[in-house]
Amino acid sequence: MTGRATSRLPRFPDGFVWGAATASYQIEGAVAEDGRGPSVWDTFCRTEGRVRDGDTGDVACDHYHRWPQDVDLLAGLGLTGYRFSVAWPRVVPTGSGAVNEAGLAFYDRLVDALLDKGITPLPTLFHWDLPQPLEDAGGWLARDTAYRFADYAAVVAGRLGDRVPRWVTLNEPFIHMALGYAFGSHAPGRALLLDALPAGHHQLLGHGLAAEALRSSGSANGRRPEVLLTNNLTPVAPASDDPADAAAAAVYDALHNRFFTDPVLLGRYPDLSAVGLPEMPPWVLDGDLATISGRGHHLDGLGVNYYNPTHVAAAPDGPLPFAPVRVEAPTRTGFDWPVLPGGLHDLLTGLRARYGRALPPVWVTENGCSYPDVVAPDGTVHDTERIAFLDGHLRALHAAIADGVDVRGYYVWSLLDNFEWADGYSQRFGLVHVDFETLARTPKDSYAWLRDEVAAQRGLLP
Ligand code: FCB
């Protein structure tokens, strides 16, 4: 079987960016090389029982050494965009102060190699690998971390800004706050429930300060760089007609979605009085919301990572007043996540309805699925379910564009099978299979499928 299992996708707008995404800790390895400092994920992986099978990112996909091959894989797909993340502990090993030239040089070479192949780099400045010394000083619970993040953003922009037209500041501040600080299933492993909220606010403040640093530093081709924030967003629905479930769903929506989008687009936090939050919590200082909303510089683009919808029930006796419940779907991924492409359409049109003209252009900066893919004896990987997943989601995305949402690009999560956080190497999200013993890369059928679809979109195929 070849990669072609579906009819051609409908035509996307001219200039639409076709991309794939990765993140530093999930692929790079080489955690102690060329001056990189330890991150919270290095520490977390070494803590007994935290990561499945005791897996670590020590080697991961060894992208730090094999990046030329990975750039060739991107080029072989015919992609026009690549979203990767810069490891803060590689560039500023202790989180503040001394800059590590070797770390900057690595990303400098990567950016050049991408541009050489006609691939526009989309660097994300923070995809969860906080330098450990900053965690020791309070992590994102400490306001100071936001200022250190802006310093680091200025360093990276000073080096890459002449070639990078567009940046993502943070990846999924909600997931980082929720799993890292509220529930403790991700690094740094704190379980503070609602007391984790300052970690959300300080990330947003870091976004605002970093945006200022990016805008006032070098720019590609003499143009002001675009600044994006990437949120994990989910359409939320009540589990039943019970008004208590509807109220719980509204609170969940406010925490997961609106807390990370309203301040940036509207300059205010959603009402969280239902969970006892005052209108102005003590950790929101005068001027913070102006910084977060860009002081008149609107966000240039909203990055949206979509995986699945969320259904919520009331939980009157729980530690939090809501509980996500299982969402039924015709098929599920290897992670047991429901496959519901329509959720992407509803999410995007819902954003447009909620924010109207305040919604900037949208970039789908992650979307994808894990399956237990295996390499057949003939060296092929038949990931038909992934093709169906991507095909369905791209059609839903196309429908949202047809309904008036301005979407500029789509990045598949992920280029490579990689280190899936607390689940270690057990979840394979790649278009390319990685053998974690030999580190051999094997393009899956979905790779050929996407290559052909992108070629057709770019007018290179019938
Ligand atoms: C997202 C993360 C990304 C990856 C996917 C599966 O929440 O941003 O790193 O783990 O989920």
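## Polar contacts with the ligand

A polar contact is a pair of N or O atoms within 3.5 Å. The model discussed here is predicted, and three side chains in it can be described in these terms. An N or O atom in the side chain of Glu420 lies 2.7 Å from an oxygen atom of the ligand; 2.7 Å is within 3.5 Å, so this pair counts as a polar contact. For the side chain of Trp421, the distance between an N or O atom and a ligand oxygen atom is 2.9 Å. Glu366 places a polar side-chain atom 3.0 Å from an oxygen atom of the ligand. On its own the ligand has 290 Å² of accessible area, and the protein covers 95% of this area.

## The shell around the ligand

Glu366, Glu420 and Trp421 belong to a shell that surrounds the ligand. The other members of this shell are Gln26, His127, Trp128, Asn171, Glu172, Tyr307, Trp413 and Phe429. By class, the shell divides into five nonpolar, three polar and three charged residues.

## The largest pocket

The ligand sits in the largest pocket of the structure. This pocket has a volume of about 1,000 Å³. It is lined by 48 residues, of which Ile175, Leu179, Asn232, His256 and Trp337 are the closest to its centre. Two or more lining residues come from each of helix H8 (173–182), helix H10 (243–266) and strand S9 (322–325).

Helix H8 gives the largest share of the lining of this pocket, with six residues. In the lining of the largest pocket, 30 residues are nonpolar, 11 are polar and seven are charged.

## Enclosed cavities

Rolling a probe the size of a water molecule over the atoms shows where empty space is left. In this structure there are three cavities of 30 Å³ or more, and the largest cavity has a volume of about 40 Å³. Its lining is formed by His207, Ala211, Arg215, Val264, Thr291, Ile292, Ser293, Gly294, His297, His298 and Leu299.

Two helices, H9 (197–215) and H11 (288–292), each supply at least two residues of the lining of the largest cavity. The largest share comes from H9, which provides three residues. The lining of the largest cavity contains four nonpolar, six polar and one charged residue.

## Backbone features

Most residues other than glycine have a negative phi, and most peptide bonds are trans. Against this background, two cis peptide bonds may be noted here. One joins Ala187 and Pro188, with omega of about 5 degrees. Pro188 is located in the loop between H8 and H9; H8 gives six residues to the lining of the largest pocket, and H9 gives three to the lining of the largest cavity. Another cis peptide bond joins Trp413 and Ser414, with omega of about 20 degrees. Ser414 lies in the loop between strand S11 (407–413) and strand S12 (432–434), and Trp413 is one of the residues that surround the ligand.

Ala30 is not a glycine, yet it has a positive phi of about 50 degrees. The position of Ala30 is in the loop between helix H1 (24–27) and helix H2 (40–45).

Conventions
Residues are numbered from 1 along each chain as its sequence is written. This is a predicted model: local features need pLDDT of at least 70, side-chain atom pairs count only at pLDDT 80 or more; totals for chains, interfaces and linings use all residues. Side-chain values use heavy atoms; hydrogens and water are left out. A residue is near a molecule or strand if one of its heavy atoms lies within 4 Å of it. A polar contact is a pair of N or O atoms within 3.5 Å; within protein, one must be able to donate a hydrogen and the other to accept it, and residues adjacent in sequence count only if both atoms are side-chain atoms. Accessible areas come from the Shrake-Rupley method with a 1.4 Å probe; for residues, only the protein chains shown count as cover. On a 1 Å grid over the protein atoms alone, a cavity is a set of points where a 1.4 Å probe fits but cannot get out, and a pocket is an open set with protein on both sides within 12 Å along at least five of seven lines; lining residues have an atom within 4 Å of a point. A molecule sits in a cavity or pocket if more than half of its atoms lie within 2 Å of its grid points. Ala, Val, Leu, Ile, Met, Phe, Trp, Tyr, Cys and Pro count as nonpolar, Asp, Glu, Lys and Arg as charged, and the others, Gly among them, as polar. Grid points are joined across faces, edges and corners, and a volume is the space filled by probe spheres set on the points. Helices (H or I, at least four residues) and strands (E, at least two) are DSSP runs, numbered from the N terminus.
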